[in-house]
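Student: I am new to this model, and I would like a close look at the place where two helices from separate chains meet. Please then set that contact against the chains around it, explaining each term as you go.

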Amino acid sequence: MQSKIIQLIGLGVTIAYAAFIVWLYATEPRTFKELTSSAEVAAGTYEINQEKFNSALNLFRREQFRAARVEWQQADPAQRDARTQFYVAYSFYREGWGRLYFDQELFKQGVEAVNRAITLSSGSTLTIDDPDLQMHTAAELKAELEQGLERSWSDVNPLKALRTRK
Amino acid sequence: MDFVVLPFVFLTVALLGGLRVGAESGTFIFIAPPLVTLLLATLLMLLLVRGGLVRLHQWVGSDFPPLTNVAHIWMLITIFFASAQAFNSVLPERGLLHWMFSFFFLWTLWNNQFSSFDARRLLRSLTILFGTAFVLKHLLLASLYSPEGSWLKRVAGALVQGVAFGTFDAPPFAAVTGYIAFFTLALYVGGLILFAFAVNGETTVVIDPVVHDHQQLSAAERPAVIQD
């Protein structure tokens, strides 16, 4: 009887170990820190660093977009918070926006970030109640970023110089 | 042993076999086993059965309790993935060298299918096979592609002048990757040795000295001995 229990426990432990290995290869953490973040996400205990988030928001409002993104990266290292990813995308939009042209590289990164935000908020519409922003949903932001990436004859319209940043 | 230790050893090989450490960033890079390693692992499993290291009839059958059958099948699965990852750890990641190494592994394993093996010879042969591949990849090739440059790089540069080095392109990894690969392969071969003793019990096949001597002769010499 005792040997049967040992067999069962052994089998259970090794199957759990195998599942851990499969999870490691699926999530591909690059550092031990990322590994712990991924484990927290898997366990449902992941939380962003609110202090860093607020500090990034202050930088964002002062138009220091790159510095804000660095802070948000530290606040949400696993990129698992929809709200943070929305703000990251917004910072790409604001930095890449120009009266005469849009920075394509920054807009592309913005689309990636907003897609992450949409995926993370699956099931409900992501809405951010921030009076400082003119776009409050991820869908609006995504549409704006994608529009900026499209090329058309209307790009040469001189009246476009009168457009405003959202 | 066969329910905890051995699956744990083989699963650790499966974990470490695809682990690399980036040269510049120092971050982990997990490389899932390429399709060809699964093919190589299948051939190796056949070889393990043919060599008597895995005795299927003693392992799985209606005579055993279901739990034992499940545990033994699980052990076979862990050996299979450990084998695939052991190959993964000694295969160059991409380029022409990846396919050259794969071809040589396939060739060796395919030839071995038609050779006579016992468990001990098979273990020896596998140790040599993985040892050679380790030396080639983690010592010679790593030296060839080291960012600092090495004597080997200069010699190879002189020998293959005119051949684009891009053909032999390989991603640079930190030196610790070689240590991980060495530990992985040692664990794999050690696991197989443990397995041979723990699960199969007596692995040494006791044979008559006359038969043994006969086995040492070449194929051409054997008919002459039989005629005498």
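Tutor: A crossing is called left-handed if the near helix is turned anticlockwise from the far one by less than a right angle, and right-handed if it is turned clockwise. The model is predicted, and for that reason local features need pLDDT of at least 70 and side-chain atom pairs count only at pLDDT 80 or more, while totals for chains, interfaces and linings use all residues. Residues are numbered from 1 along each chain as its sequence is written, while chains are lettered from A and ligands numbered from 1 in the order in which they are written.

The contact you ask about joins helix α1 of chain A, residues 2–27, to helix α4 of chain B, residues 66–90; helices (H or I, at least four residues) and strands (E, at least two) are DSSP runs numbered from the N terminus. Their axes come within 11 Å and cross at roughly 35 degrees, where axes are lines fitted to C-alpha atoms, for helices over the stretch in contact, and angles run from 0 to 180 degrees between N-to-C directions. The crossing of α1(A) with α4(B) is left-handed. On one side the contact is made by A:Lys4, A:Gln7, A:Leu8 and A:Leu11, and on the other by B:Leu67, B:Val70, B:Ala71 and B:Trp74. These residues divide into 6 nonpolar, 1 polar and 1 charged (Ala, Val, Leu, Ile, Met, Phe, Trp, Tyr, Cys and Pro count as nonpolar, Asp, Glu, Lys and Arg as charged, and the others, Gly among them, as polar).

Between the two chains as wholes, 17 residues of chain A are in contact with 16 residues of chain B, contact meaning C-beta atoms, placed from the backbone, within 7 Å. The side of chain A that touches chain B holds 10 nonpolar, 4 polar and 3 charged residues.

The helix of chain B in this crossing also belongs to a nonpolar core, a set of buried Ala, Val, Leu, Ile, Met, Phe, Trp, Tyr and Cys residues joined through C-beta atoms within 7 Å. The largest such core has 42 residues, of which B:Phe10, B:Val13, B:Ala82 and B:Phe87 touch the most other members. In chain B, α1 (5–16), α2 (35–50), α4, α5 (95–112), α6 (119–144) and α8 (176–198) each supply at least two residues of this core, and α4(B) gives the largest share, 9 residues. Beyond its neighbours within four places in sequence, B:Phe10 is in contact with B:Thr78, B:Ile79, B:Ala82 and B:Gly191. A second, separate core of 24 residues includes A:Ala82, A:Ala89, A:Tyr93 and A:Ala113.

Turning to the chain that carries the other helix, chain A has 7 helices and 0 strands. Its radius of gyration, taken over C-alpha atoms, is 21 Å, well over the 15 Å that the globule rule gives for 166 residues, so chain A is more spread out than a compact globule; the rule is 2.2 Å times the number of residues to the power 0.38. Along the principal axes, the C-alpha atoms of chain A fill a box of roughly 85 × 35 × 30 Å. Of its 166 residues, 26% count as buried (20 or more other C-beta atoms within 10 Å of a residue's own; exposed means 12 or fewer, partly exposed in between, with C-beta atoms placed from the backbone).

The loop between α1 and α2 (32–43) of chain A holds A:Glu28, whose phi is near 50 degrees, a positive value in a residue other than glycine. A:Glu28 is partly exposed because 14 other C-beta atoms lie within 10 Å. In helix α2 of chain A we find A:Ala42, which is exposed because it has 12 other C-beta atoms within 10 Å. A:Ala42 and A:Trp23 lie 19 residues apart in sequence and 9.6 Å apart in space, C-alpha to C-alpha.

Chain B, for its part, has 10 helices and 2 strands, arranged along the sequence as α-β-β-α-α-α-α-α-α-α-α-α. Of its 228 residues, 28% count as buried. The loop between its strands β1 (19–21) and β2 (28–30) contains B:Gly22, whose C-alpha atom is separated by 8.6 Å from that of B:Pro171, 149 residues apart along the chain. Not counting residues up to four places away in sequence, B:Gly22 touches B:Thr27, B:Ile29, B:Phe173 and B:Ala174.
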